[in-house]
Amino acid sequence: MLKKLLFFSIVLVGMLEAASFFYIRFVNTNIQLPSYSFVNVNSKFWTFSDAHFGVWHHPSSSYLHKKPCFTAHYTSNAEGMRDKERSVASDQPRVALLGDSFIEGWGNKAEDRLSNLLEASTGKEVLNFGTAGGFGTIQEWLQYKYLVKQFKHDVVMVGILPRNDFEDNSLDFYYTQATDDYRPFLVGDYPNYKLFYPVKTLPHPNRLEALGKSLKLTLMEWSCLYRVAIYLHDFKVEHMKLVPRWTPEDSSDPAGASMYYSVPDKEWDIMRYSLEQLIAEAGKRKVILFTIPAYQDFEHYDGTVPPLDKKFEELAQRTGATYVDLMPAMIARGVKFPDLYFSCDKHWNAYGNAVAADILEPYVREALQRSPAGKGN
């Protein structure tokens with residue numbers, strides 16, 4: 001009886017594996033076929049290694065990032081940037097680009113990222129300081145102060161993701177996550193804040209966790225069935241169509257799932273304070289702040305200026321920065337917003353990066369032209 005059950009199970013899994021192969025090959029080409037290779041995860045690519053801002057890339061490390069709809073190989077330079085090697089000094093105007101996983105280029109080849117596209121179109125270096133790992137504006141301020149300012153540059157760009165940057169800055173939210181991530185927060189009331197680190201010492205990389213990721217990714221490289229299961233888990237069925245789970249339940253309620261329309265006062269004060277500090281650190285350099293719309297934000301957009309935009313416009317006018325909201329600019333180009341994101345992930349794909357670069361390029365070019373060539377720091 002046990003042998004028959006085992007035989008039946010093997011035949012069933014084999015049939016499901018074959019069916020999954022045909023599903024990927026002929027029905028849902030958004031899913032990549034397995035490579036039938038083994039994966040060894042480098043656990044040192046993202047580490048809580050900086051005493052000031054926490055998560056950063058381990059210098060000269062690499063990481064193979066695989067999901068059902070993309071495969072990306074990341075490498076960091078000697079300074080820990082996901083970028084080619086960059087000199088500290090330069091006699092040409094340069095751009096420093098800060099932000100989270102969208103700016104780092106999550107899921108994308110290096111040449112398809114916003115920074116690389118802007119560098120190609122302007123002919124000037126665009127240094128990428130983006131990093132995944134829950135990176136908000138508090139960390140970007142401290143990263144700029146203690147790392148980015150070491151590199152000569154004339155223009156500063158900060159990509160802000162309202163969808164989770166308010167959460168990334170929130171100590172209250174941090175305490176709900178049962179995590180021990182090393183990261184800074186601001187405590188107090190605007191403008192009298194003090195830096196606070198819930199975890200006092202930098203942690204060590206977890207090798208067991210890295211091994212688990214390696215086994216998971218290796219299984220993905222050997223099984224069509226596993227790839228299909230992971231892909232479909234991120235979707236739900238509505239009206240006989242697959243809809244990403246990260247879309248809002250009720251798009252008729254603007255305050256329900258978009259920080260563009262539901263701006264928390266306490267977290268806004270923290271965000272504007274950290275950006276004010278970053279802009280002050282930048283001195284006479286031109287600063288460009290731009291907001292990155294998430295999938296949900298497009299669902300809520302009604303053509304009017306969101307409350308968050310008004311707050312950023314006031315901040316920019318008061319500090320001398322430039323503010324760009326990518327959402328209305330993308331819509332004005334006739335873009336179908338689902339096309340901007342990976343089919344199995346909420347980050348920009350290559351097309352999303354290209355549209356953002358096209359919108360931001362004139363602002364970057366103008367800022368570079370207004371900066372004296374070779375002035376640097």
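How exposed is E281, in terms of relative accessible area? E281 has a relative accessible area of 22% and is partly exposed. The structure is a predicted model. This briefing covers its salt bridges, which number 14, and the surroundings of H153, a residue in the loop between α4 and β7.

**K149 and E281**

- K149 and E281 form a salt bridge in which the closest N and O atoms are 3.0 Å apart.
- The pair links distant parts of the chain, with K149 in the loop between α4 and β7 and E281 in helix α9 (residues 265–282), 132 residues apart.
- K149 has a relative accessible area of 29% and is partly exposed.
- E281, at 22%, is also partly exposed, because that class begins at 20% and exposed means over 50%.

**K67 and D345**

- A salt bridge joins the side chains of K67 and D345, with an N to O distance of 2.8 Å.
- K67 belongs to strand β3 (residues 62–67), while D345 sits in the loop between α12 (326–332) and α13 (350–369), so the salt bridge ties together parts that are 278 residues apart in sequence.
- K67 and D345 are both buried.

**R94, E125 and their network**

- R94 and E125 form a salt bridge, and their closest N and O atoms are 3.3 Å apart.
- R94 is in the loop between β4 (70–75) and β5 (95–98), and E125 is in the loop between α3 (114–122) and β6 (126–128), so this pair ties together parts that are 31 residues apart in sequence.
- R94 counts as buried because its relative accessibility is 0%, and buried means under 20%.
- E125 has a relative accessibility of 25% and therefore counts as partly exposed.
- R94 and E125 also belong to a network of salt bridges that links them with D83, K84, R86 and E119.

**H153 in the loop between α4 and β7**

- H153 lies in the loop that runs between α4 (137–146) and β7 (155–160).
- The relative accessibility of H153 is 1%, so this residue counts as buried.
- A polar atom of the H153 side chain lies 2.5 Å from the backbone oxygen of F151.
- K149 is placed in the loop between α4 and β7 as well, but K149 is partly exposed, whereas H153 is buried.

Technical notes: Residues are numbered from 1 along each chain as its sequence is written. This is a predicted model: local features need pLDDT of at least 70, side-chain atom pairs count only at pLDDT 80 or more; totals for chains, interfaces and linings use all residues. Side-chain values use heavy atoms; hydrogens and water are left out. Helices (H or I, at least four residues) and strands (E, at least two) are DSSP runs, numbered from the N terminus. Buried means under 20% relative accessible area, exposed over 50%, partly exposed in between (1.4 Å probe, protein chains only). A polar contact is a pair of N or O atoms within 3.5 Å; within protein, one must be able to donate a hydrogen and the other to accept it, and residues adjacent in sequence count only if both atoms are side-chain atoms. A salt bridge is a side-chain nitrogen of Lys or Arg within 4 Å of a carboxyl oxygen of Asp or Glu.
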